[in-house]
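Hi everyone, thanks for having me. Let's take a look at a structure together, and please keep the picture in view while I talk.

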Amino acid sequence: MIEFDSEISSELFLNGKILTFNKPIGWSSFDLVKKIRNLLKIKYKFKKLKVGHAGTLDPLASGLMIICTGKFTKKISQIQDQDKTYVADVLFGATTPSFDLETEIDKTYDTKSITLKKIQDNLQEFNGEIEQIPPIYSALKVDGEIISACFCIYFQEISITRHHASSIL
């Protein structure tokens, strides 16, 4: 349950506040923003209140969500540019078409050859700037426009080019 200290003034939220929450599994990032905005509007009788998040977490992920209110929503891009650390639970020896748990496991493999050293060596590939081909299930932006391969395939037969995405970890 989300509660706000009754001693915090409404002006503080309008002038800008940074809030942190542990987003539960099953909620989208927008679900959390919507809930915060609605709770604050009810508690402080705001007609309008800017509320935004500094980074999206998958609905199947739990973790820190940074929520900004009021004038601090202008600081979201600065917050997003900060270094981040990710912690994950990994199931070795199984794959899914979407590379996550959005789809069912489609193949399993023997894991006897996996060692701690092999894992540590492979993790080094994820440091620094990397290029990756996002899975066909991803919602992507190209030149500022959202493209969703699944959406395009469903409605018409077209050729889809998956773009490499550059990331710094």
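I'll talk about some aromatic rings and then about a patch of charge. Keep in mind that this is a predicted model.

Let's begin with the rings. How many aromatic pairs does the structure hold? There are 2 of them. In one pair, the ring centres of Phe-13 and Tyr-44 are 5.3 Å apart, and because their planes meet at 45°, we call the pair tilted. Now find those two residues along the chain: Phe-13 sits in helix H1, residues 10-15, while Tyr-44 belongs to helix H2, residues 29-44. So this pair ties together parts that are 31 residues apart in sequence.

Tyr-44 also pairs with Phe-46. That pair is tilted too, with 5.7 Å from centre to centre and 35° between the planes. Put the pairs together and you get a cluster of Phe-13, Tyr-44 and Phe-46.

Are these residues buried or exposed? Phe-13 is buried, with a relative accessible area of 0%. Tyr-44 is buried at 16%, and Phe-46 is buried at 11%. The cut-off to remember here is that buried means under 20%.

Now let's move to the surface. Which residues form the positive surface patch? They are Lys-48, Lys-50, Lys-71 and Lys-74. Let me pick out Lys-71, which you'll find in the loop between strand E3 (63-69) and helix H3 (76-80). Its relative accessibility is 55%, so Lys-71 counts as exposed, since exposed means over 50%.

That's my tour, and I'm happy to take questions!

Terms used. Residues numbered from 1 in each chain as written. Predicted model: local features only at pLDDT ≥ 70, side-chain atom pairs only at ≥ 80, totals over all residues. Heavy atoms only, no water. Patch = residues over 30% accessible without salt bridge, like charges linked within 9 Å, V, L, I, M, F, W, Y side chains within 5 Å. Areas by Shrake-Rupley, 256 points an atom, 1.4 Å probe, with all protein chains shown as cover. Salt bridge = Lys/Arg side-chain N within 4 Å of Asp/Glu carboxyl O. Lys, Arg positive; Asp, Glu negative; His and termini not counted. Charge placed at Lys NZ, Arg CZ, Asp CG, Glu CD. Helix = DSSP H or I, 4+ residues; strand = E, 2+ residues; numbered from the N terminus. Buried < 20%, exposed > 50% of the residue type's maximum accessible area, 1.4 Å probe, protein only. Phe/Tyr/Trp six-rings, centres within 6.5 Å; stacked < 30°, edge-to-face > 60°.
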